[in-house]
Amino acid sequence: EVHHLEQAAIAGHAAARFNLGCTEYKKSNIERAVRHFVIAAKLGDDKSLEAIELFYQNGMIRFGDLAATRRAHQASVDATKTPQREEAVANRLLIRRVEREREDVVAEVAALIEREAGKAGMNTDLIADVVANRLLTRKVERERRV
């Protein structure tokens with residue numbers, strides 16, 4: 001497993017580099033662990049930056065090293081920001097929010113249908129799902145226009 005992590009880390013995979021840092025830390029190879037975490041943090045890995053900050057808090061690295069790692073981490077993060085990525089993140093957040101709202105709407109609609117249509121012996125779950133989907137689809141379309 002370590003061999004594959006090493007290969008991925010050499011290829012620039014930040015998470016693999018972080019995992020190598022964890023492996024070295026568990027072996028008490030602190031200097032090697034710090035080097036792996038610094039490299040991963042410079043590639044933009046948040047968990048590695050947190051590890052470096054913990055090493056600093058415990059007096060294991062100097063402030064200058066922490067500051068340089070923070071600057072490199074921020075530069076890496078900034079380099080990945082594009083309007084398309086930011087739009088994708090915004091869309092993901094919108095989708096999550098709409099999914100949560102959908103659950104609430106389905107519950108409300110189901111309760112309403114249970115009271116009204118349930119008396120006629122209709123499939124209330126299916127009706128609630130269809131109505132909720134239509135309502136939320138309209139809401140998302142309105143929000144995207146804004």
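Which helix is the place of Arg-142? Select Arg-142 and you will find yourself in helix α7, which covers residues 124-145. Keep in mind as you look around that this is a predicted model.

**Stop 1: a positive patch**

Stay with Arg-142 for a moment. Its relative accessibility is 48%, so this residue counts as partly exposed. Now add Arg-134, Arg-138 and Arg-145 to your selection: together with Arg-142, they form a positive patch on the surface.

**Stop 2: a negative patch**

Next, select Glu-99, which sits in helix α6 (residues 83-116). Is Glu-99 buried or partly exposed? With a relative accessible area of 45%, Glu-99 is partly exposed. Add Glu-103, Asp-104 and Glu-108, and you have a surface patch of negative charge that these residues make with Glu-99.

**Stop 3: the aromatic rings**

Now for some rings. The structure has 4 aromatic pairs. To see one of them, show the side chains of Phe-18 and Phe-37: their ring centres are 5.5 Å apart and their planes meet at 50°, so this pair is called tilted. Phe-18 belongs to helix α2 (residues 14-26) and Phe-37 to helix α3 (residues 30-42), so the pair ties together parts that lie 19 residues apart in sequence.

Are these two rings' residues buried or exposed? Phe-18 has 14% relative accessibility and therefore counts as buried. Phe-37, at 4%, counts as buried too, since the cut-off for buried is under 20%.

To finish, add Tyr-25 and Phe-55 to the selection: with Phe-18 and Phe-37, they form one aromatic cluster.

Conventions: Residues numbered from 1 in each chain as written. Predicted model: local features only at pLDDT ≥ 70, side-chain atom pairs only at ≥ 80, totals over all residues. Heavy atoms only, no water. Patch = residues over 30% accessible without salt bridge, like charges linked within 9 Å, V, L, I, M, F, W, Y side chains within 5 Å. Areas by Shrake-Rupley, 256 points an atom, 1.4 Å probe, with all protein chains shown as cover. Salt bridge = Lys/Arg side-chain N within 4 Å of Asp/Glu carboxyl O. Lys, Arg positive; Asp, Glu negative; His and termini not counted. Charge placed at Lys NZ, Arg CZ, Asp CG, Glu CD. Helix = DSSP H or I, 4+ residues; strand = E, 2+ residues; numbered from the N terminus. Buried < 20%, exposed > 50% of the residue type's maximum accessible area, 1.4 Å probe, protein only. Phe/Tyr/Trp six-rings, centres within 6.5 Å; stacked < 30°, edge-to-face > 60°.
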